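Trainee: I am new to this structure. Please take one part for a close look: the empty space, and whatever borders it.

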Amino acid sequence: MNKTVNSRHRLLAAILSIEGQLHTAAAYTDLLPTVLPDTLPFLLHRAGTLQAWDSLSLCSYYADLLKSKKRNCNIIYERYLYIQSHLYPERQSPPALYLRQRAAEKQSLIHYILREELRWEAQLYRQYPRLRKKGAPLYQIHTPRPDISFELSIQGELYTYSRLTLQTLLAYITQLRTRQRNFNKMVWQNICRISGYAYLQEKA
């Protein structure tokens, strides 16, 4: 058991280390400052998210990162380029158009995962009104730019994952739904714990 836990911790650390390097590199590209978040909030949210994943999805995503590194591709840059292309369609570039064409091949998988995450986030906002005040709006249609909705942020994240990683994530999310567990709540609980808080606070 300890070996399994230690291996998982090492895998998480390796993924976050690579993502941190990619985020730093993305800051020196054509991404707008309003699109790319600061490093510390980015890594905090990524740590909370990845800690909520199952080991199979983590291994698949780690393989994505290694393959992208060999191709000299920056997954984090692509994630926020996708978001930027939606916020500012007048700033379309050949890389953004290519990314959106490639993403269309994974549309059905992304649709199912995004649907569940939106449902879970809506549940959280009802249960924790303070979180709703501090969190992003759910849907981009209700969000004036340059603000980024939860919907668009998750879309940008999912579009950069490989088909295999999306398949493993969907299988895991389906298991959580069957067990009536809220993935997004798991993420926020992790973020609170990393930040030094015991748990999410409900409003009295």
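Mentor: A helix here is a DSSP run of H or I with at least four residues, a strand is a run of E with at least two, and both are numbered from the N terminus. The model is predicted: local features need pLDDT of at least 70, side-chain atom pairs count only at pLDDT 80 or more, and totals for chains, interfaces and linings use all residues. Residues are numbered from 1 along each chain as its sequence is written, and side-chain values use heavy atoms, without hydrogens or water.

Start with the frame. The protein has 10 helices and 0 strands. Read from the N terminus, the order is α-α-α-α-α-α-α-α-α-α. Of the 204 residues, 45% are buried (under 20% relative accessible area, 1.4 Å probe, protein chains only).

Now the space. On a 1 Å grid over the protein atoms alone, a cavity is a set of points where a 1.4 Å probe fits but cannot get out; a pocket is an open set with protein on both sides within 12 Å along at least five of seven lines; lining residues have an atom within 4 Å of a point.

Take the closed space first. The whole structure holds 1 cavity of 30 Å³ or more. The largest cavity has a volume of about 120 Å³. It has 16 lining residues, and nearest its centre lie T49, E117, I154, F183 and V187. Two or more lining residues come from each of α2 (39-51), α6, α8 (150-159), α9 (163-178) and α10 (183-194). By type, the lining of the largest cavity has 10 nonpolar, 3 polar and 3 charged residues. Nonpolar means Ala, Val, Leu, Ile, Met, Phe, Trp, Tyr, Cys or Pro; charged means Asp, Glu, Lys or Arg; the others are polar.

Look at two of those helices. α2 has buried residues F42, R46, A47, G48, T49 and L50. Its 13 residues should span 18 Å at 1.5 Å a residue, and the end C-alpha atoms of α2 agree, being 18 Å apart. Helix α6 covers residues 107-127, so its 21 residues should span 30 Å, which is the distance between its end C-alpha atoms. Buried residues of α6 include I113, E117, W120 and Y125.

E116 also sits in α6. It counts as buried because its relative accessibility is 6%. Beyond its neighbours within four places in sequence, E116 contacts I173 and R177 (heavy atoms within 4.5 Å).

Next come the open spaces. The largest pocket holds about 1200 Å³. Its lining has 36 residues, and H45, K134, G135, W188 and I191 are closest to its centre. At least two lining residues come from each of α2, α4 (75-87), α6, α7 (129-134), α8 and α10. α2 gives the largest share, 5 residues. The lining of the largest pocket splits into 21 nonpolar, 7 polar and 8 charged residues.

The second largest pocket has about 280 Å³ of space. There, 16 residues form the lining; D64, R71, Y161, S162 and R163 are closest to the centre. α3 (55-70), α4 and α9 each give two or more residues to this lining. α3 gives the most, with 5 residues. The lining of the second largest pocket divides into 4 nonpolar, 4 polar and 8 charged residues.

Now place the helices. α2 and α6 serve both the largest cavity and the largest pocket. α4 serves the largest pocket and the second largest one. α9 lines the cavity and the second largest pocket.

Key
Buried means under 20% relative accessible area, exposed over 50%, partly exposed in between (1.4 Å probe, protein chains only). The expected span of a helix is 1.5 Å times one less than its number of residues. Grid points are joined across faces, edges and corners, and a volume is the space filled by probe spheres set on the points.
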